[in-house]
Each structure stands twice: as structure tokens, then as C-alpha cells.
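Colleague: I should like to go through the pockets and the cavity of this chain, and to hear the reasoning behind each term. Please begin with the strands that contribute to a pocket lining.

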Amino acid sequence: MRKILLSVLALAVALFAAEKVYLAPVGLTGMHDDYAVASSKLMKAYIEDDGRYILVVGTAEDGVKADNQAAVSQKAAEKGCSKYIIAEFTRLGENVIMSFKLYNVGSEAPIWDDRLKARNPDDFDPIIQRVARNIGTKHKAVDDSDIYSVTEQETKTPKRKGVNAYIGMSVGGLMAVQPEVEVFAGLDFWLLYDAQVILFGIDWDMYGLGDDTPLDYMDFAISAYYPFGTRAITPFVGGGLAFSQTEYESKVPRADRYTDSDVYSYSYSSDDYEYNDKSSGLTGFVGGGVMFNRSSRVTFVAQVKYMLNFYKNDIYKSKKDEKNNTIISVKDHAIQGMIFNVGIGYGF
């Protein structure tokens, strides 16, 4: 019984043991030999941390080179490996093209390969980490939607996208919930500064466009947003502050009887009293949105945020008393509501 248990245990260990993979000495063109040694050590550390493979690192004593695939395959078999990796680094000017290919022993066609561009030696470590994490899977070393990295298929997008600024315009609306639920059309002119890990914005907003709208709202805002990742389609959240000016026009039905004291110093028409209250001060807002086509010169932004004035406007209303006379009342309100817009920006 004990022998059976030991046999089962040995079989389980064999089934779940990590697969041995041979890494041929890294082939270098136009580079110092020390880069091959350092890169091999990094490959071994990162691949074995991932846990899927045990990496057997080739040395000069193995007598094989990256450009002799047959000899590498034979050496991998001699070392008890089922797969082997051929890595070649070629320097072109200031850039280094890093090629990685994974083969089954005895096979001439790679089962996984990728080619990445390093702008300088500092890029070697993150590139090797990504290769170690993805080699042998159905994924490339770098996600095609990551705008801050480059593979062979992404040469039009630099690996490290510099900080970009966008100037743009949005159209949308302000859906006020105070003092009354109304939607006001508006325009937003903005400057967006993309610093990769944070987005900074400067906006000039105008809402309440049109002839018959009771609200005229205008502000100059600064904001900061946190982007979730570096993909071409990036959601973000954040907030900001604005200096704003709000003018609210209250139209109150004309009284059946009134005196001069009822009208105060405000102008009125033959049909309505018209009370205009203009105030200004700070406005705060929080919200988020999605940035589309972030890696391109032309980007699109959709955004929703909630705004609240830190100051109040006087809102006038009328009601009938017991004698059917019109009584004008006033109450101050902090204008607040949802702002939603979509826009287009041009990078420079």
C-alpha cells in the first residue's frame, strides 16, 4: 500500500512539475557581451517567478549560438528540456530590436514569438518582464491597446508616448436639479494635458444658450483626473474647481393688484415681473468619463460630472393669498446639477 501511495505521489509531482525550457546564449549585434549575461539572468528570474517553466540558461561552454537553431534544439534535448528559447538583440542606432522565439524541441517553427523595440537599456527590464509573463501563451508580450509600448505591429506608436496636450471643444448640457429640474444646452472649450498617470484640464464652459432660458452659466475651471491604465480607450475619474458666474431670471405672473412697493426696483413687462439675479463665486465638481483614441493625434472625450455652486442666487416666485392677491416671495438657491458633454480634441 505504501508503494502505491509513493507511486501516485511521484506521478502527481511529475504531472504538475514546471516544464524545463532551454535558453540559448543571447545573440547580440552591435552590443557588449555583458548585456547577454544580464538579460539571461533576468529571464531566468522572471520566468521562474511566473511558475510555468524552469529555465535552463545556456552558457558559452554549451558551444551553441542563437543563429544555429538545429544545434540549440539538440542541446535542449540533451539537457532534458522539452522547449527552447532563442533571443536576439540587434542595435540599430540608439534603439535595440529585441526578438524572442519559443520552440518545441525537434520543431523548426516557433510556437510563440514577439519583437519589441527598446529605446535605451532602461527598457530591457520591463520588456523582459512582459516576455516572461506571456511567453508560451496566446498573448503577445505587450497588449496592442497599450499606448505606451511597442511591438513589431505597433511601430507607428512610440513605446514611451511623451506627454501630450490636446485642445478641443465639447457640446452638451447642464441638467439643473436646483432650483428646478431643467436642461440647458452649452459649449465647453478645453485644454487637456496628458501626463500618462494623470490628466490635467483647463475649461471654459457656457451653459444656458438660447433666447428663452432662465439660466446663464459661465465658468473658468481647472481639473485633474486619474486615468485607469494606458489603453487607447481610457476611462478616468476626478474633479476640480471653477470660478463661475450665474445669472438666473425669474418670471413671475403679474398680480391682479399691486403697488409700486410690490415691484421693488426690478423691471417688469406687461405680462410678467422679470427678476434677474447675477452672482459669482467658486463652483466645485466631480465626475468622470472616457477618452477614446488616446494614442492618436485626434482624440474623443465623453464626460459626466456633478457641479455645485458654493454661492447662491435669489429665485423669485409668486403665489396667491386668501384674497386672491399675488404675493412675491424670494428664496436663495445654490445652483447645482449634472453636466454631460461629448467632444473632440487635437493633440499638439
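**Pockets and cavity**

Modeller: In this predicted model, the strands β11 (234-253) and β14 (313-320) each supply at least two residues of the lining of the second largest pocket. With 7 residues, β11 gives the most to that lining.

Colleague: What is the volume of the second largest pocket, and which residues are the closest to its centre?

Modeller: Its volume is about 290 Å³. The lining holds 19 residues, and Pro 214, Tyr 248, Glu 249, Ser 250 and Lys 251 are the closest to the centre.

Colleague: Why are Glu 249 and Lys 251 counted as charged, and Ser 250 as polar?

Modeller: Asp, Glu, Lys and Arg count as charged, so Glu 249 and Lys 251 fall in that class; Ser is in neither the nonpolar nor the charged list and is therefore polar. The whole lining of the second largest pocket divides into 6 nonpolar, 4 polar and 9 charged residues.

Colleague: How does the lining of the largest pocket divide by class?

Modeller: The largest pocket has a volume of about 370 Å³. Among its 18 lining residues, Pro 25, Val 26, Gly 27, Leu 28 and Ala 36 are the closest to the centre. Two elements, β2 (27-29) and α2 (34-50), give two or more residues to this lining, and α2 has the largest share, 4 residues. By class, the lining has 9 nonpolar, 4 polar and 5 charged residues. Gly counts as polar, so Gly 27 belongs with the polar residues, whereas Pro 25, Val 26, Leu 28 and Ala 36 are nonpolar.

Colleague: What makes the remaining space a cavity and not a pocket?

Modeller: A 1.4 Å probe fits in a cavity but cannot get out, whereas a pocket is open. The structure holds 1 cavity of 30 Å³ or more. The largest cavity has a volume of about 150 Å³, so it passes that 30 Å³ threshold.

Colleague: Which residues lie nearest the centre of the largest cavity, and which strands supply its lining?

Modeller: Of the 16 lining residues, Trp 190, Leu 192, Asp 203, Val 301 and Gln 303 lie nearest the centre. The strands β8 (182-194), β9 (199-207), β10 (215-227) and β13 (298-309) each supply at least two lining residues. The classes are 8 nonpolar, 5 polar and 3 charged.

Colleague: How much of the chain is called buried?

Modeller: Buried residues make up 39% of the 348 residues; the term requires under 20% relative accessible area. The chain has 5 helices and 16 strands.

Note on methods
Residues are numbered from 1 along each chain as its sequence is written. This is a predicted model: local features need pLDDT of at least 70, side-chain atom pairs count only at pLDDT 80 or more; totals for chains, interfaces and linings use all residues. Side-chain values use heavy atoms; hydrogens and water are left out. On a 1 Å grid over the protein atoms alone, a cavity is a set of points where a 1.4 Å probe fits but cannot get out, and a pocket is an open set with protein on both sides within 12 Å along at least five of seven lines; lining residues have an atom within 4 Å of a point. Grid points are joined across faces, edges and corners, and a volume is the space filled by probe spheres set on the points. Buried means under 20% relative accessible area, exposed over 50%, partly exposed in between (1.4 Å probe, protein chains only).
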